[in-house]
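Let's take a walk through a protein together. Have the sequence and the 3D view open, and follow along as we go from the whole chain down to single residues.

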Amino acid sequence: MPIDRPPHGAVSSCVIQAQTTEQPPSLQASAHFLIQPGWQNSGPHHWQTLWQDRLGAASSRVEQQDWMVPQQEPWVGTLVRAMERSPQPCVILAHSVGCLAAVFALESIRPAAVVLVAPADTERVGAPEALQSFAPIPMEHLPVPALLITSDNDPYCDLERARIFAEAWHADLEVIAGGGHLNSDAGFGPWPEGWQMVGRWLKHHGLHWPASEVVDA
């Protein structure tokens, strides 16, 4: 799908910010990927599920006790414990309100990096009551490399808010044109363009997909 790059002067896209330098291959590490879905979990046709299948032993899903009633404290606690048990280096691949669980978790633990896809704006007018425990949204600089991927027509987070999040979190930003909530309902199943995008970004941070899944720069 086409990628809408932010205009000059906006938060940078996956053209990595100036302070980032690409690591030589000898210093790159194959990561373990923690899949953190959002509200109601990710179904069998969702990119998170399909990427987890593709990653095999290099990934695991964070199993929240209650997918239907997300609560900040238990979700964050479960994610933190999953990171503590995970092989290192660990990268979180989060979606929707799972992105906010990851952001809150970074207050107490630091993975190698986080990829935040379609973060839900739990402070928006009309946000479901079920998500209220994830507000207010932290707006501090995240202590690890972060990539925020959003779309220009996400019904759960408008583009301006996503840009505000990226700026506050010091996250690199990618904007997908017409991508909706970047889930299976919006047509994001295998999502090969996203796989390549994340792979390139990981490489700039000294990380990569498993050796059998390395992507070209």
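Among contacts in the protein between residues at least 6 apart in sequence, what percentage join residues at least 24 apart? The answer is 72%. Keep that figure in mind while you trace the chain, and we'll come back to a pair of residues that fits the theme.

First, a word on what you're looking at: this is a predicted model. The average pLDDT of the protein is 88, and 85% of the residues score at least 70. Be careful with residues 1–21, though, where the pLDDT is below 50. In the model, that stretch still has 49 contacts beyond its near neighbours in sequence.

Now for the overall layout. The protein has five helices and nine strands. Start at the N terminus and you'll meet them in the order β-β-β-α-β-α-β-α-β-β-α-β-α-β. As for how much is tucked away, 56% of the 217 residues are buried.

Let's zoom in on one helix, α2, which covers residues 72–85. Its 14 residues reach 20 Å from the first C-alpha to the last, close to the 20 Å expected at 1.5 Å a residue. Which residues of α2 are buried? They are W75, V76, G77, T78, L79, V80, A82 and M83. And what do they pack against? The buried residues of α2 have β3 (32–36), β5 (90–95) and α3 (97–105) as their packing partners.

Next, go to the far end of the numbering and find E213, in the segment after β9 (207–208). Is E213 buried or exposed? Buried means under 20% relative accessible area, so E213, at 16% relative accessibility, counts as buried. Here's the pair we promised: E213 and L55 are 158 residues apart in sequence, yet their C-alphas are 8.0 Å apart in space. If you set aside neighbours within four places in sequence, E213 is in contact with R54 and W195.

Finally, let's look at the empty space. Rolling a probe the size of a water molecule over the atoms is a way to see where space is left. The largest pocket holds about 380 Å³. It is lined by 19 residues, and the closest to its centre are W39, S96, Y156, H181 and N183. Sort the lining by class and you get 11 polar, six nonpolar and two charged residues. Try finding those five central residues in the 3D view, starting from W39.

Methods: Residues are numbered from 1 along each chain as its sequence is written. This is a predicted model: local features need pLDDT of at least 70, side-chain atom pairs count only at pLDDT 80 or more; totals for chains, interfaces and linings use all residues. Side-chain values use heavy atoms; hydrogens and water are left out. On a 1 Å grid over the protein atoms alone, a cavity is a set of points where a 1.4 Å probe fits but cannot get out, and a pocket is an open set with protein on both sides within 12 Å along at least five of seven lines; lining residues have an atom within 4 Å of a point. Grid points are joined across faces, edges and corners, and a volume is the space filled by probe spheres set on the points. Ala, Val, Leu, Ile, Met, Phe, Trp, Tyr, Cys and Pro count as nonpolar, Asp, Glu, Lys and Arg as charged, and the others, Gly among them, as polar. Helices (H or I, at least four residues) and strands (E, at least two) are DSSP runs, numbered from the N terminus. The expected span of a helix is 1.5 Å times one less than its number of residues. Buried means under 20% relative accessible area, exposed over 50%, partly exposed in between (1.4 Å probe, protein chains only). Contact means heavy atoms within 4.5 Å. pLDDT is the predictor's confidence in each residue, from 0 to 100.
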